[in-house]
Amino acid sequence: MNNDSQLTMKDIAKALGVSVATVSRALANSPRISASKREAIQAYAREHNFSPNAIAESLRYSRVRSPKVVGVIIPEFVHYYFSSVLSGIEEEARARGYRIMVAQSNEKYEREVKICQSFLENKVCGIIVSQAKDTINFDHFQRLLDRGLPLVFYDRICTGVNSSRVVVDDYQGAYNAVSHLIETGCKRIAFYGSPMTLEISKNRFNGYRDALLKHGMSPNTEWMHFCDNRADAEAITPDIMNAPDHPDAFFAVNDDTAVGILYAVKRMGFRVPEDVSICGFTNGDRAKACDPMLTTVEQRGRVVGEEAAAILIDKVEKVIPLDKVERRVVRTRLVIRGTTR
């Protein structure tokens with residue numbers, strides 16, 4: 001071990017048999033570390049006169065970027081899931097002594113590119129992002145990595161660059177939801193999804209398809225539609241339900257779309273769930289504000305945000321090597337309510 005005046009977090013971690021990340025979080029009073037472990041680590045640091053060299057740290061970063069500001073890009077502020085992810089990011093960042101700078105891409109590629117450039121100009125220490133729906137060129141993300149800037153994707157990951165990411169188990173969540181619809185007697189299940197340029201759309205569609213195939217049912221292309229918002233769901237559902245061989249269930253890519261389906265079929269006189277079952281994906285406030293309340297897949301956005309922030313800050317603090325790609329999956333769970341039998 002170094003002399004007390006030169007004690008590092010690595011020394012503390014070695015002495016106490018924990019990771020450097022645990023030491024860093026404990027010294028920042030992160031709630032992710034148990035109270036007893038925090039107290040033990042902090043006591044050891046006090047006993048050995050540990051003090052981070054703030055002046056050296058400031059000088060090391062000042063020529064390059066702000067040491068304590070994380071850039072966060074979200075597609076939409078109004079979306080419950082993204083706001084819950086943002087809460088998790090902010091909570092973890094604050095606990096580790098960091099602030100966040102937040103911008104909304106509004107689902108536009110051009111805006112996303114400008115935000116990345118703005119974050120660079122503002123010298124953030126790293127960026128956490130969920131890509132916009134219409135992003136198909138990833139050069140702006142690759143430029144961040146080429147500059148040595150830590151980059152972590154959440155939810156909508158970018159397969160065009162090799163970077164750390166945090167996602168939910170979209171495939172398994174969709175598979176479980178559609179299996180539930182089948183097991184409760186539904187035989188004609190429609191799918192409303194986002195464009196297949198997004199990895200989450202592919203995963204949720206594959207979960208839907210595989211659940212049907214597993215139960216001896218064939219997907220019907222007439223019941224598969226690109227529809228990921230309430231307005232479009234309310235617009236297209238009546239035509240689908242007016243067909244003689246209409247669906248008896250819908251699996252939607254998000255709760256907003258599922259609520260649109262619910263309102264459309266109820267206006268047409270169908271009973272939910274007796275005539276039509278509906279399942280969404282998010283478990284936001286809207287799922288409990290409709291009648292009947294929505295069966296949905298819970299995404300646990302706050303946990304996704306906490307994990308994304310933890311990875312980014314660990315990279316900034318060199319706990320995780322900058323070139324190491326971290327892949328973390330947050331498990332979903334099916335929340336059964338009144339829109340399914």
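Here are three short exercises on this predicted model, each with a worked solution.

Residues are numbered from 1 along each chain as its sequence is written. Local features need pLDDT of at least 70, side-chain atom pairs count only at pLDDT 80 or more, totals for chains, interfaces and linings use all residues, and side-chain values use heavy atoms, with hydrogens and water left out.

**Exercise 1. Confidence**

Find the stretches where pLDDT (the predictor's confidence in each residue, from 0 to 100) falls below 50.

Solution. Start with the whole protein: the average pLDDT is 92, and 94% of the residues score at least 70. Next, look at residues 1-5, where pLDDT is below 50 and the model has nine contacts (heavy atoms within 4.5 Å) beyond near neighbours in sequence. Then turn to residues 54-63, where pLDDT stays under 50 and five contacts reach beyond four places in sequence.

**Exercise 2. From Arg 32 to Asp 314**

Trace the salt bridges (a side-chain nitrogen of Lys or Arg within 4 Å of a carboxyl oxygen of Asp or Glu) that lead from Arg 32 to Asp 314, and sort the residues by burial (buried is under 20% relative accessible area, exposed over 50%, partly exposed in between, with a 1.4 Å probe and protein chains only).

Solution. Step one: Arg 32 pairs with Glu 92, with 3.5 Å between the closest N and O atoms. Arg 32 lies in the loop between helix H2 (20-27) and helix H3 (35-47) and Glu 92 in helix H5, so this pair ties together parts 60 residues apart in sequence. (Helices are DSSP runs of H or I, at least four residues, and strands are runs of E, at least two, numbered from the N terminus.)

Step two: Glu 92 also meets Arg 96 in a salt bridge, at 3.5 Å from N to O.

Step three: Arg 96 forms a salt bridge with Asp 314, at 2.8 Å. Asp 314 sits in helix H13 (residues 301-316) and Arg 96 in the loop between H5 and strand E2 (99-104), 218 residues apart.

Step four: Arg 32 is partly exposed because its relative accessibility is 30%. Glu 92 counts as buried at 2%, as does Arg 96 at 2%, and Asp 314 is buried too.

**Exercise 3. The wider picture**

How many salt bridges does a search of the whole structure find, and which residues join Arg 32 in one network?

Solution. The search finds 24 salt bridges. Shared partners join Arg 25, Arg 32, Glu 92, Arg 96, Glu 307, Asp 314, Glu 317, Lys 324, Glu 326 and Arg 328 into one network.
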